[in-house]
Amino acid sequence: MNKTADEFVRLVGIMDELREKCPWDRKQTIETLRHMTIEETYELTDAITDKNWQGIREELGDLLLHILFYSKIGKEQGQFTLEEVITGLAEKLIIRHPHIYGDVKVENEDDVKKNWENLKLKEGKKSVLSGVPVSLPATVKAMRLQEKARQVGFEWENKDQVWQKVEEEINELHAAVEKNEKDRIEDEFGDLVFSLINYARFLQIDAENALERTNKKFINRFTKMEGEALKQSKRLDDMTLDEMDAIWNTIKHQHNT
């Protein structure tokens, strides 16, 4: 534990020194760091999807650097200090876990989540949904909204009911397509995706991660298809769909990836 504390203090010292002596680090603001923080977060999610533990370790380090950077700027602006960030987090964790640091009894993780949401409402949140960031990607946002609603009991009883809702939304989308109602088509398509994300939740899988795995699988197969076409001295745009399909299916069966 002392080693960890020593390394953290060393890292804070390095950040202070870079902010003072490095022209690039000295120039950064919370606005210039924002897009880089988003990029680092996505790099971490890529590493998690790939189960790349070395990558996860490195990306966590990059995110920690950004936390120190924002805290340093916050101190310079007279807004907050790194100590206040750490203390605030520690106090919030204690307050939000009365089953550990108080006398509240819980039976399972659902009880923990419900207590968490109730405590946030007592702290002044106007809605259980208010903690979901507006700028979240739509798939992740849908998952978080559904999880939040679940904590107050707004939830289907089982996955069969959710699948019935998916089928209902498919039928409504078909009806909109048949009538060629563009705005309604988009609306119904959104409802279908939302329902599928809900179904993923009931299957206990991460819809965002599942889609990203499919993206990676598509990229892998498509680039291999390009390579196979090149071996035949062809380009994909010179081939028929049947020819490309044949290569695609061969790759699919050979690699099963």
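Select D160, Q164, N171 and E178 to begin the tour: these exposed residues (exposed meaning over 50% relative accessible area, buried under 20% and partly exposed in between, with a 1.4 Å probe and protein chains only) sit on the face of helix α9 that is turned away from its buried side. The model is a predicted one, in which local features need pLDDT of at least 70 and side-chain atom pairs count only at pLDDT 80 or more, while totals for chains, interfaces and linings use all residues. Residues are numbered from 1 along each chain as its sequence is written, and side-chain values use heavy atoms, with hydrogens and water left out.

Now select the whole of α9, residues 159-178, where helices (H or I, at least four residues) and strands (E, at least two) are DSSP runs numbered from the N terminus. The helix α9 has 20 residues and reaches 29 Å from its first C-alpha to its last, close to the 28 Å expected at 1.5 Å a residue, the expected span being 1.5 Å times one less than the number of residues. Its buried residues are V162, V166, E169, L173 and A176. Looking down the axis of α9, you will find these buried residues within an arc of 85 degrees, so they line one face of the helix; the arc is that of the directions from the helix axis to the C-beta atoms. An α-helix has 3.6 residues a turn, so residues three or four places apart point the same way.

Add α10 (182-202) to the view, since what covers the buried residues of α9 includes this helix. At the start of α9, a side-chain oxygen of N158 reaches to within 3.1 Å of the backbone nitrogen of D160, and after α9 comes N180, whose phi is positive, near 55 degrees.

Next, turn to the aromatic side chains, of which the structure holds 3 pairs; rings of Phe, Tyr and Trp (its six-membered ring) pair if their centres lie within 6.5 Å, and planes under 30 degrees apart count as stacked, over 60 as edge-to-face and the rest as tilted. Select W163 and Y199, whose ring centres are 5.0 Å apart with planes at 50 degrees, so the pair is tilted. This pair links distant parts of the chain, with W163 in helix α9 and Y199 in helix α10, 36 residues apart. W163 is partly exposed at 33% relative accessibility, whereas Y199 is buried at 19%.

Then select F218 and F222, whose ring centres are 5.7 Å apart with planes at 25 degrees, so the pair is stacked. These two residues are 4 residues apart in helix α11 (residues 207-231), and are therefore separated by about one helical turn. Adding W248 completes one aromatic cluster with F218 and F222.

Move on to H99 in helix α6, which is buried with a relative accessible area of 19%. Leaving aside neighbours within four places in sequence, H99 is in contact (heavy atoms within 4.5 Å) with V104, V106 and V112. In the loop between α6 (98-101) and α7 (109-122) lies E107, which counts as exposed at 72% relative accessibility.

Finally, show the whole protein chain, which has 12 helices and 0 strands. The radius of gyration, taken over C-alpha atoms, is 25 Å, well over the 18 Å that the globule rule (2.2 Å times the number of residues to the power 0.38) gives for 257 residues, so the chain is more spread out than a compact globule.

Key
Polar contact = N/O pair within 3.5 Å; in protein donor to acceptor, adjacent residues only side chain to side chain.
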